[in-house]
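Thanks for making room on the agenda. I will go through one model, from the inside outwards, and then stop.

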Amino acid sequence: MERKKLEGNGLWESSRMMLPEHTIRIIQDEREQRRREKPEIDPQEWELIDLALYHSMADHAPVTLTIFDSYVDRQAKGIVMKVDRQLKRIKLRWSEDDWDWIDMSEIIAASY
């Protein structure tokens, strides 16, 4: 009789313990469900991206790049210093001493 009371109130279900491994797995599964597919960039959009990269490099003007990430897109703002067409990457300078190479395949939008 005591057990039926606990089950009926929901106390039995909420009092169960979970192993840390199970908790980690649940969190990983939830994160995996939020994972997004990379959008397909059409040729016209690539022309706009290419134009923004060119203007940034030619005019030493800042450009804002939207970089794809599986969960949340990132923004990178800086001046394009070099375009390496062979390795398909650009050198983006954020400040006087700070820069990074960005794969062109990760860029999904650009504006200047």
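Which residues does I90 touch, leaving out residues up to four places away in sequence? The list is L53, L65, V80, K82, V83, D100, W101, I102, M104 and I107. Before I go on, please keep in mind that this is a predicted model.

I started with I90 for its place in the core. The largest nonpolar core has 17 residues, and I90 is among those with the most contacts inside it, along with L53, V63, L65, L92 and I102. At least two residues of this core come from each of α4, β1, β2, β3 and β5, the last being residues 107-111.

Now the overall layout. The protein has 4 helices and 5 strands. Read from the N terminus, the order is α-α-α-α-β-β-β-β-β. Of its 112 residues, 21% are buried. Taking contacts with a separation of 6 or more, 46% are between residues 24 or more positions apart. The exposed area is about 8900 Å², and 52% of that is supplied by carbon and sulfur atoms.

Next, the strands. β3 and β4, where β4 is residues 99-103, run antiparallel and are joined by 5 bridges. The two form a hairpin, with 5 residues between them. If you want one pair to find on the screen, take L92, whose bridge partner in β4 is D100. L92 is also one of the core residues with the most contacts, and D100 is on the contact list of I90.

On to helix α4, which covers residues 43-59. E45 is in this helix. Is E45 paired in space with anything far along the chain, and what does E45 touch? Put more simply, which residues does E45 touch, leaving out those up to four places away in sequence? They are I108 and A109. The C-alpha atoms of E45 and A110 are separated by 9.0 Å, although the two residues are 65 residues apart along the chain. E45 has 27% relative accessibility, so it counts as partly exposed.

L51 is in α4 as well. With a relative accessible area of 38%, L51 is partly exposed. Together with Y54 and Y112, L51 forms a nonpolar patch on the surface, and the three have about 370 Å² of accessible area together.

Now the charged pairs. How many salt bridges does a search of the whole structure find? It finds 4. I will take three of the pairs.

The first I want to show is D29 with R25, where the closest N and O atoms are 3.0 Å apart. Both residues lie in helix α3, residues 20-33, and they are 4 residues apart, about one turn of the helix. D29 is partly exposed, at 34% relative accessibility.

Next is D73 with R36, with the closest N and O atoms 2.4 Å apart. This pair links distant parts of the chain: D73 is in the loop between β1 and β2, R36 is in the loop between α3 and α4, and 37 residues separate them. Both ends count as partly exposed, D73 at 29% relative accessibility and R36 at 32%.

The last pair I will show is R89 with D84, where the closest N and O atoms are 3.7 Å apart. Is D84 buried or exposed? Buried means under 20% relative accessible area, and D84 is at 15%, so it counts as buried. Its partner R89 is at 24% and counts as partly exposed.

Finally, two backbone points. H60 has a phi near 55 degrees, which is positive, and H60 is not a glycine. Where is H60 found? H60 is in the loop between α4 and β1, the strand of residues 63-67. At 53% relative accessibility, H60 counts as exposed.

K88 also has a positive phi, about 55 degrees, and is not a glycine. K88 lies in the loop between β2, residues 74-84, and β3, residues 89-93. Its relative accessibility is 57%, so K88 counts as exposed.

To recap what to look for on the screen: the 17-residue core with I90 among its most connected members, the hairpin of β3 and β4, the surface patch of L51, Y54 and Y112, and the salt bridge between D73 and R36. That is everything I had.

Conventions. Residues numbered from 1 in each chain as written. Predicted model: local features only at pLDDT ≥ 70, side-chain atom pairs only at ≥ 80, totals over all residues. Heavy atoms only, no water. Buried < 20%, exposed > 50% of the residue type's maximum accessible area, 1.4 Å probe, protein only. Pairing = 2+ DSSP bridges. Contact = heavy atoms within 4.5 Å. Core = buried A, V, L, I, M, F, W, Y, C linked by side-chain atoms within 4.5 Å. Patch = residues over 30% accessible without salt bridge, like charges linked within 9 Å, V, L, I, M, F, W, Y side chains within 5 Å. Areas by Shrake-Rupley, 256 points an atom, 1.4 Å probe, with all protein chains shown as cover. Salt bridge = Lys/Arg side-chain N within 4 Å of Asp/Glu carboxyl O.
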